[in-house]
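Here are a few exercises to work through with the model open in your viewer. Try each one yourself before reading the solution.

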Amino acid sequence: MASTGTPNPPGRFPAGARAFPHRDLTGIAQLERHEILFLLAEAEQWVEFNRRADKHCDALSGQTIINAFFENSTRTLLSFEIAGKRLGADVVNMHAAQSSVKKGETLIDTAVTLNAMRADAIVIRHGSSGAVDLIASKVDCPVLNAGDGQHEHPTQALLDALALRHALEARGEGSEDFTGLTVTICGDILHSRVARSNILCLQALGASVRLCAPPALMPAGVEAMGAATFADFDAALDGADVAMMLRLQTERMSGQFIPSAREYHHLYGLTRARLDRCAPDALVMHPGPMNRGVEIDSDVADMLDRSIITRQVEMGVAVRMACLDVLTRRGRAVPGWNDGQWT
Ligand code: NCD
């Protein structure tokens, strides 16, 4: 059991397949479907664990985890920090504002410095797409992507999948994957690493994905990822099982992408009336931070029976515990775990 430092055996994966053959978690694009299911199965035990009064174990005792955040974050940084601490690791947070990055140090020099400190895992958030892969290529320990530019945010997609699975289970509609489910992702798709990782993850698990954005915020050629695209929000929501709303990432915009927040809300804000266009009992998701009254109305965000936004936050800790635990297993002796799989 987790509390003794020995994790539970994971969920199913094909005979002969190595359960988790990757050193790093830089994107959902690198994962096979059974690897996604494996990480979700691993996370389940930590959901239970996190609901206990005593939420500490020594699975990662003696391990050092560095959270290197070059971009602002509240929930992702906190979530990774809590995850590492509940696993018994020594967790150190590096904020770019206080680091030598501000003194002109290159990303590669920062990576070499972090590596020399012999961390056992490094969690990175960075404003540039590909920065996490670059750091991963320069260090000797597992690297986890906590969001790189407009590229990927893999733990967000995994926690979204876990939250969705739990919400469906609570209604008696649970199954391992999302076959037959339609998810509409609406908002600033162009700048969203959350959208990109979710398109990959949801589709790998069998869901149909619809994307909705003003034309200026829809990435060119995104249909090649297999999602249907819409400029009309009402059409995109028609009969959908899930509405996943995204924030306008104004910090990544240079120039005017939308006329005004008011106009945006009028065309793309999720209101009660708009939610009625979805399937009956459709669920509402948002990765946070929310801009209430812009992409989502408060009376929708706070609907107890439909909104799973706080459940997403809860699942975030469990998913990050699973990812840290699985990725650091190579450097640790874990009874029953041998070269990427349970024996
Ligand atoms: C997202 C991010 O940083 O990409 N937030 C998060 O991780 N919870 C989305 C956003 O900032 O809008």
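**Exercise 1: a serine in a helix**

Serine 197 sits in helix α6, which spans residues 193–204. This is a predicted model, so keep that in mind as you go.

Work out whether serine 197 is buried or exposed, and which residues it touches beyond four places away in sequence.

*Solution.* Start with the relative accessible area: serine 197 comes out at 0%. Buried means under 20%, so serine 197 is buried. Next, skip residues up to four places away in sequence and look at what is left: serine 197 touches Ile28, Glu152, His153, Pro154 and Ala157.

**Exercise 2: a valine in a strand**

Place valine 209 in its strand, decide whether it is buried or exposed, and list its contacts outside the neighbours within four places in sequence.

*Solution.* First, the element: valine 209 belongs to strand β6, residues 208–212. Second, the relative accessible area of valine 209 is 4%. With the cut-off for buried at under 20%, valine 209 is therefore buried. Third, with the neighbours within four places set aside, valine 209 is in contact with Val183, Ile185, Ile199, Leu202, Gln203, Ala227 and Ala228. Finally, check threonine 184: it is 25 residues from valine 209 in sequence, yet their C-alpha atoms are 5.9 Å apart.

**Exercise 3: α2 against α11**

Find the angle and axis distance for helices α2 and α11, then classify the packing.

*Solution.* Take α2 as residues 75–86 and α11 as residues 309–328; their axes lie 8 Å apart at an angle of about 55 degrees. That angle makes α2 oblique to α11. The crossing is right-handed. On the α2 side the contact residues include Phe80, Ile82 and Ala83, and on the α11 side they include Val317, Met321 and Leu324. Sorted by class, the contact has 6 nonpolar, 4 polar and 2 charged residues.

**Exercise 4: α5 against α11**

Now do the same job for α5 and α11: at roughly what angle do they cross, and what classes of residue make the contact?

*Solution.* Helix α5 runs over residues 154–170, and its axis comes within 8 Å of that of α11, with a crossing of roughly 120 degrees. So α5 is oblique to α11, and the crossing is right-handed. Among the α5 residues involved are Leu158, Leu159 and Leu162, which meet a set in α11 that includes Met315, Val319 and Cys323. By class, the tally is 9 nonpolar, 5 polar and 3 charged residues.

Technical notes. Residues are numbered from 1 along each chain as its sequence is written. This is a predicted model: local features need pLDDT of at least 70, side-chain atom pairs count only at pLDDT 80 or more; totals for chains, interfaces and linings use all residues. Side-chain values use heavy atoms; hydrogens and water are left out. Helices (H or I, at least four residues) and strands (E, at least two) are DSSP runs, numbered from the N terminus. Buried means under 20% relative accessible area, exposed over 50%, partly exposed in between (1.4 Å probe, protein chains only). Contact means heavy atoms within 4.5 Å. Axes are lines fitted to C-alpha atoms, for helices over the stretch in contact, and angles run from 0 to 180 degrees between N-to-C directions. Angles under 35 degrees count as roughly parallel, over 145 as roughly antiparallel, 65 to 115 as roughly perpendicular and the rest as oblique. A crossing is left-handed if the near helix is turned anticlockwise from the far one by less than a right angle, and right-handed if clockwise. Ala, Val, Leu, Ile, Met, Phe, Trp, Tyr, Cys and Pro count as nonpolar, Asp, Glu, Lys and Arg as charged, and the others, Gly among them, as polar.
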